[in-house]
Amino acid sequence: MKLASVFATILLPACLASSLAYAGKADDVLNIAFSRELEHVDPYYNTAREGILLGAAVWDALLYRDPKTGTYVGNLATAWTWIDTTTLELTLRQGVKFHNGEAFDADDVVFTLNYVVDAKNGNKSQTNTNWIKSAEKVDSFKVRIHTNGPFPAALEYLAGPIIIQPNEYYTAVGQQGVATKPIGTGPYRMESVEPGKHFVLKRNPDYFAAAKPKATIETIDIRTVPDANTQMAELFNGEIDLVWGVPADQADKMAKMGKFQVVNAPTMRVGYLSLDAAGRTGAKNPMTDLRVRQAVNYAVNRQGIVDALMKGTSAVINSACSPVQFGCEQAVMTYAYDPAKAKALLAEAGYPNGFSLDFYAYRDRPLAEAMIGMLAEVGITAKLNYMQYSALREKRIKDGTPISFMTWGSNSISDVSAVTSAFFRMGGEDDARDPAVAALLEKGDGSVDADERKAAYSKALTTIADKAYWVPLWIYSSNYVMGADVSFTPTPDELIRFYDISWK
Amino acid sequence: MLKFIAMKLGLALLVALTVSFISFSLLYMAGDPAISMAGEGASAEVIAAVRQQYGFDRPLLVQYFDWLMRALSGDFGISYYFKTPVSAMVAERLPVTMTIGALGMGFALCLAIPTGVLAAAFPNTWVDRMALGIAVVGQAIPSFWFGLILIVIFSVNLGLVPASGTRSWTGYILPMIVLGYYATPAIMRLTRAGMLDVLSADYIRTARAKGLHWGSVLFKHALRNAIIPVVSLAAVQLGFMFGGSVVVESIFALHGAGFLAWESISRNDLPTMQALILIFSMFYIGFTLLADILNAWLDPRLRAG
């Protein structure tokens, strides 16, 4: 009886639905695969890259950063000016409508900003919003944002992750309502949400298209397919048109087949080893010795790993940030691969026979194992502890780790404050706890003068390299594999703008 | 019989409660939910506020009973991550898992019992060897590899079934085979062993001496007696299958309860994990109970104990 009803509820609708699915250029449906389940479609309630993509498609931010020129243009706002160092006044666009017909005005902006800065509401991307103190309505189309101290990177955040919600709708349905039926102003509207599994976006024909273009493809159908091999199989079957983050070896094979377009593009994500210079795992921890940290820097053959395992447009970095970010000083101390020098430094530090320690990592196991092998060659026995990201992050905040292999994508924020300041301003994951570096970063984050900021960041990043607090490793690249009739050019911020995709 | 059932039922309830309490305590020991909920870059104050808001600062026992009371009335709370009611989410995902579990078990029984019977009927012949081969391969092949090979052959090369998803009923075929094949060896070997035992019994010789058709002796007389341990084993295995297979659900993008459990563990989503653990253990306990009762009905000697 039970089983029969299961069959009736699951299998019958599935049979009927089978004739509707599958598409491509002919039906104007772009099929996309997400690799993991997105927990909540509201960009403020997830920390996933997939969430940023939906955020840019369904909602709008006040400003827009042109991905080609890097300049800020108006989007939901038309003009903006700093009244003083902590007050930004914005004039809003008139005549914009949300997908449900609600008119956009100052109330929506004030509601959204005050809602996400209130700790009670549990916004999960605190780094994106914790510079905002409050928002205030001046008139129906003019708002003021008050910041916690001067914050020059404000425009970058207002052009990126800070999207505007409809105040009346949001108040009426709440977080739970938004989870299944989100409403924005963006070029796509969300047609249906099966939490974590399936999202269908439809082109918004009435999009105001001031900064972002109108979408061209009618439907974006996103399914979560966790297994990379299954994603490939679906590509072969023509049931997925675009995937990204494809491992290098698979991408090579796909490119050789000639049936697909394979594009490799750099991303903002950096990989690094964080060394416990502050001695949080014990004052006698070898990493507190500058010579040991330098030895670790010399011991890792970063170029070798990039060439052999990462390929594509991945590249070695020497500074604790992504080279495309504002303020990422490149003229810093570099540590070329030199195992002999590493051994000499270790001996000088009192470890002629090396030592052993725990090595923590949460992704890219082959890369972690390659580095562990290189450390072993200079006498450092590193034991791999491979954990889930959330568990490792918790451990790093609570107890610290002697050495961790981490990565950071900066939430696609093209400013050093999103990476160096996130890890060197005495925060939970700051393994250096260097007050001089923190003070310099504070100065850079808090100044409105671009040259002054650059100078402060340059000094901070030079110190970080000199003191070898990190081993900056590489920037990641991403392989995009798409069907032959998809026209899409990836950008270095790893943001797939659905409205920029069209058919050939 | 009624007394027997009541006793078993009481025991099952106790086991369910114990499992849920142990898992509740272990989950709280494993990680601090406040840190993961507060998100990236959260300050100590925000984390403390989350801890207070969700009541993580209360004693463990208080939190457990609070949860249990609400769970008993069907309210499993709101998922920390999906921000939707856990009961609705689980109700939406369990049918997928139950469907492939039931199909997989059906497949396993259809494959394992006939081959097991045949292997026992022709012991140490090529038939027996072939059955052994099927069992060994089923035990040895990892599910993820087997699943991918099936996808490559039947979906990519032959185009007969979809590679993933359940948009069409054909999407259930490959998961059924992978999950079912995994359960096949144990059932087959137990059937074979039971049959060998029974076939050497006197009444079988009598039945054959009477001139009964050989097939009818095998399946009607012998199998009925040999199947009793198989019922217990199949019930336990079905309990496992209803707990979801992370591997199978992830390869075929099925989004069932097993995959949901895996995702909630990696995200410290306590309410979802708690609900799933309770439901999975209920399945397991329920099926074991069912097997006990079924066996007691088949064999009156068991009722005495």
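Two residues are in contact if their C-beta atoms, placed from the backbone, lie within 7 Å. The exercises below use this term and concern a predicted model.

**Exercise 1. Describe the overall build of chain A, beginning with its contacts.**

Solution. Consider contacts in chain A between residues at least 6 apart in sequence: 71% of them join residues at least 24 apart. Next, take the secondary structure, which comes to 16 helices and 19 strands in chain A. The radius of gyration of chain A is 24 Å, close to the 23 Å that the globule rule gives for 504 residues, so the chain is as compact as a globular protein of that length. Along the principal axes, the C-alpha atoms of chain A fill a box of roughly 70 × 60 × 50 Å. Finally, 50% of the 504 residues in chain A are buried.

**Exercise 2. State how chain A is divided into domains, and describe the side of domain 1 of chain A that touches domain 2 of chain A.**

Solution. The domain assignment gives domain 1 of chain A as 24–226 + 483–503, and domain 2 of chain A as 267–478. The C-alpha centres of these two domains lie 32 Å apart. Their contact takes 20 residues from domain 1 of chain A and 17 residues from domain 2 of chain A. On the domain 1 side, the elements giving two or more residues are α2 (49–58), α4 (126–129) and α5 (154–158) of chain A. By character, the residues of that side divide into 10 nonpolar, six polar and four charged.

**Exercise 3. Determine which pairings strand β7 (residues 142–147) of chain A makes with β5 (residues 87–92) and β6 (residues 132–139) of chain A.**

Solution. Begin with β5(A), which runs antiparallel to β7(A) and is joined to it by five bridges. One bridge pairs A:Thr91 with A:Lys142 of β7(A). Turn then to β6(A), which is also antiparallel to β7(A), with six bridges between them. Here A:Ser134 has A:His146 of β7(A) as its bridge partner. Lastly, β6(A) and β7(A) form a hairpin, with two residues between them.

**Exercise 4. Locate A:Asp28 and A:Asp364, and decide whether each is buried, partly exposed or exposed.**

Solution. A:Asp28 is in the loop between α1 (2–17) and β1 (29–34) of chain A. Its phi is positive, about 60 degrees, although the residue is not a glycine. A residue is buried with 20 or more other C-beta atoms within 10 Å and exposed with 12 or fewer. A:Asp28 has 13 C-beta neighbours inside 10 Å, and therefore counts as partly exposed.

A:Asp364 is in the loop between β14 (355–361) and α12 (365–377) of chain A. Its phi is also positive, near 50 degrees. Because 17 other C-beta atoms lie within 10 Å, A:Asp364 is partly exposed.

**Exercise 5. Characterise the side of chain B that touches chain A, and then the packing of helix α11 (residues 228–242) of chain B.**

Solution. The contact between the chains takes 42 residues from chain B and 45 residues from chain A. Elements of chain B that each supply at least two residues include α2 (33–38), α5 (86–121) and α13 (257–266). The largest share, six residues, comes from α5(B). The chain B side divides into 21 nonpolar, 15 polar and six charged residues.

Helix α11(B) has 15 residues and reaches 22 Å from its first C-alpha to its last, close to the 21 Å expected. Its buried residues include B:Val230, B:Leu238 and B:Phe242. The buried residues of α11(B) pack against α5, α8 (173–199) and α14 (270–298) of chain B.

Note on methods. Residues numbered from 1 in each chain as written. Chains lettered and ligands numbered in written order. Predicted model: local features only at pLDDT ≥ 70, side-chain atom pairs only at ≥ 80, totals over all residues. Domains from an automatic or database assignment. Helix = DSSP H or I, 4+ residues; strand = E, 2+ residues; numbered from the N terminus. Nonpolar A, V, L, I, M, F, W, Y, C, P; charged D, E, K, R; others polar. Rg over C-alpha atoms; globule rule 2.2 N^0.38 Å. Expected span 1.5 Å × (residues − 1). Pairing = 2+ DSSP bridges.
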